[in-house]
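Open the model in your viewer and keep the sequence panel beside it. Each stop below says what to select and what is there.

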Amino acid sequence: MKILMVLTSHDQMGDTGHKTGFWLEEFTSPFYVFKDAGADITLASPKGGQPPVDPNSEAEDALTESTRRFMDDTHAREMLASTKKLADVDMNQFDAIFYPGGHGPLWDLAEDEKSIALIKTAYEQDKVIGAVCHAPAVFKNVFVKPDQNIVGGREVTGFSNTEEDAVQLTNIVPFLLEDMLKQNNARYSRGDDWAPHIVVDGKLITGQNPASSEGTAKAVVQALQAS
C-alpha cells in the first residue's frame with residue numbers, strides 16, 4: 001500500500017491575523033493507522049517543507065494518543081518537516097491519496113491545480129481517495145466530466161455548517177464546506193456535531209470532523225485491502 005498524504009501550506013485565517021494550517025490530530029491519527037497497517041507513506045504539500053500546524057490543534061485539550069505518539073516520534077516529525085512539493089509528485093506511484101483537514105485547505109488546496117490534477121488522476125485510475133473534516137474542500141474544483149464534480153451524486157460528508165458556526169468562523173472562511181458539497185450535487189450527510197461520522201462511497205471516503213479521522217483512515221485501509 002502506497003499512500004500519498006497531502007497537507008495544506010496555508011497558514012493565515014483570512015485577514016483576522018490568526019494562524020491556521022492543518023489540524024494535527026487529523027494528520028497524526030491517519031498517519032499511524034496507515035503506518036501500523038504497513039503502508040508506505042509519502043507526505044506532500046503545495047510549497048513543500050514543513051506545513052503549518054493550526055496552533056489550536058496543539059493546545060492541551062486538543063491532544064490525543066496519536067498526537068502524543070507523534071511528538072515522541074523523531075522520524076515522523078522529520079518526515080513532516082520535509083514534505084515533497086506537490087509539483088514533484090506523480091499519482092501513478094500511489095494506490096491512494098488522503099487529505100487531512102484543518103482550515104488551511106479551504107484557501108490553498110481547494111484552488112491548487114496540481115492537487116486537482118492528482119485527484120482527477122486518482123479518480124480515473126480507480127484509486128482510493130480520502131479526506132477528513134475540512135479537507136473535502138479539495139474537491140471544489142475537481143470536475144470528472146463537463147459539469148460534473150467528483151462529488152456529484154456521491155455520498156459524502158465533511159465539516160458541517162453548525163460545527164463551523166460553533167467555532168465562530170462562518171463569516172471568515174472563503175466558503176462553507178457543507179454548502180459547497182451540496183452545490184456540487186453531493187449527497188451530503190452528517191452526524192451529530194463533533195461525533196464520528198464516516199461515509200464510504202466506493203473508493204471515495206470522507207469523514208466529518210476531527211473525531212472521524214481515525215475511522216476515515218481505517219476505511220481507506222479497508223478499501224485498499226479489498227482492491
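Element names first: helices (H or I, at least four residues) and strands (E, at least two) are DSSP runs, numbered from the N terminus. Keep in mind throughout that this is a predicted model.

**Stop 1: two positive phi angles**

Select D147. This residue sits in the loop that links β6 to β7 (148-149). Its phi is positive, about 65°, although D147 is not a glycine. Is D147 buried or exposed? D147 counts as exposed, because its relative accessibility is 77% and the cut-off for exposed is over 50%.

Now select C133. Its loop runs between β5 (128-132) and β6 (143-145). C133 also has a positive phi of about 65°, and it is not a glycine either. Here the surroundings are covered: C133 is buried, at 2% relative accessible area.

**Stop 2: the sheet**

Show the strands as cartoon. Seven of them form an open sheet in the order β3-β2-β1-β4-β5-β11-β10, and the pairing is mixed. Which strands stand at the edges? They are β3 (84-85) and β10; each has a single partner strand, so one side of each has no neighbour in the sheet.

Move inward to β1 (residues 2-6) and β4 (residues 96-99). These two run parallel and are joined by three bridges. Pick L4 and look across to its bridge partner in β4, I97.

**Stop 3: the β10 end**

Select residues 198-201, strand β10. V199 and D201 make up the covered face, while I198 and V200 make up the uncovered one. That fits a general pattern: in a regular strand, side chains alternate between the two faces of the sheet.

Add β11 (residues 204-207). Four bridges join β10 and β11, which run antiparallel. Two pairs are worth labelling. D201 has L204 as its bridge partner, and V199 has T206. Two residues lie between the strands of this hairpin, and G202 takes a positive phi near 60° there.

On to β5. It runs parallel to β11, again with four bridges. Across this pairing, A131 stands opposite T206. Unlike the split seen in β10, both faces of β11 are covered: L204 and T206 are buried on one side, I205 and G207 on the other.

**Stop 4: a helix across the strands**

Select residues 113-124. This is helix α5, which lies across β1, β4 and β5. The helix runs at about 140° to β4.

**Stop 5: helix α1**

Select residues 24-36. Helix α1 has 13 residues and reaches 18 Å from first C-alpha to last, close to the 18 Å expected at 1.5 Å a residue. How many of the 13 residues are buried? The count is 11, and α1 is mostly covered. Among the buried ones are L24, F27, F31, Y32 and F34. Beyond α1 comes G38, with a positive phi near 90°.

Zoom in on F27. Leaving aside neighbours within four places in sequence, F27 is in contact with M5, L7, F22, L43, F70, L80 and P100. Then colour the largest nonpolar core, which has 68 residues. F27 is one of the residues with the most contacts inside that core, together with L4, M5, F34, I97, Y99 and F139. You met L4 and I97 already, as bridge partners.

**Stop 6: W23**

Step back to W23, in the loop between β1 and α1. W23 counts as partly exposed, at 21% relative accessibility. Not counting residues up to four places away in sequence, W23 touches D54, N56, S57, A62, G101, G102 and P210. Draw a distance line to P55 as well. W23 and P55 are 32 residues apart in sequence, yet 8.4 Å apart in space, C-alpha to C-alpha.

**Last stop: the annotated range**

Select residues 24-221. In an unreviewed entry, UniProt lists this range as "domain: DJ-1/PfpI". Over these residues the chain is 33% helix and 17% strand. Label the two end C-alpha atoms: they are 20 Å apart.

Definitions and conventions:
Residues numbered from 1 in each chain as written. Predicted model: local features only at pLDDT ≥ 70, side-chain atom pairs only at ≥ 80, totals over all residues. Heavy atoms only, no water. Expected span 1.5 Å × (residues − 1). Buried < 20%, exposed > 50% of the residue type's maximum accessible area, 1.4 Å probe, protein only. UniProt positions renumbered as here; feature names shortened; annotations may be inferred. Pairing = 2+ DSSP bridges. Contact = heavy atoms within 4.5 Å. Axes fitted to C-alpha atoms, helices over the stretch in contact; angles between N-to-C directions. Core = buried A, V, L, I, M, F, W, Y, C linked by side-chain atoms within 4.5 Å.
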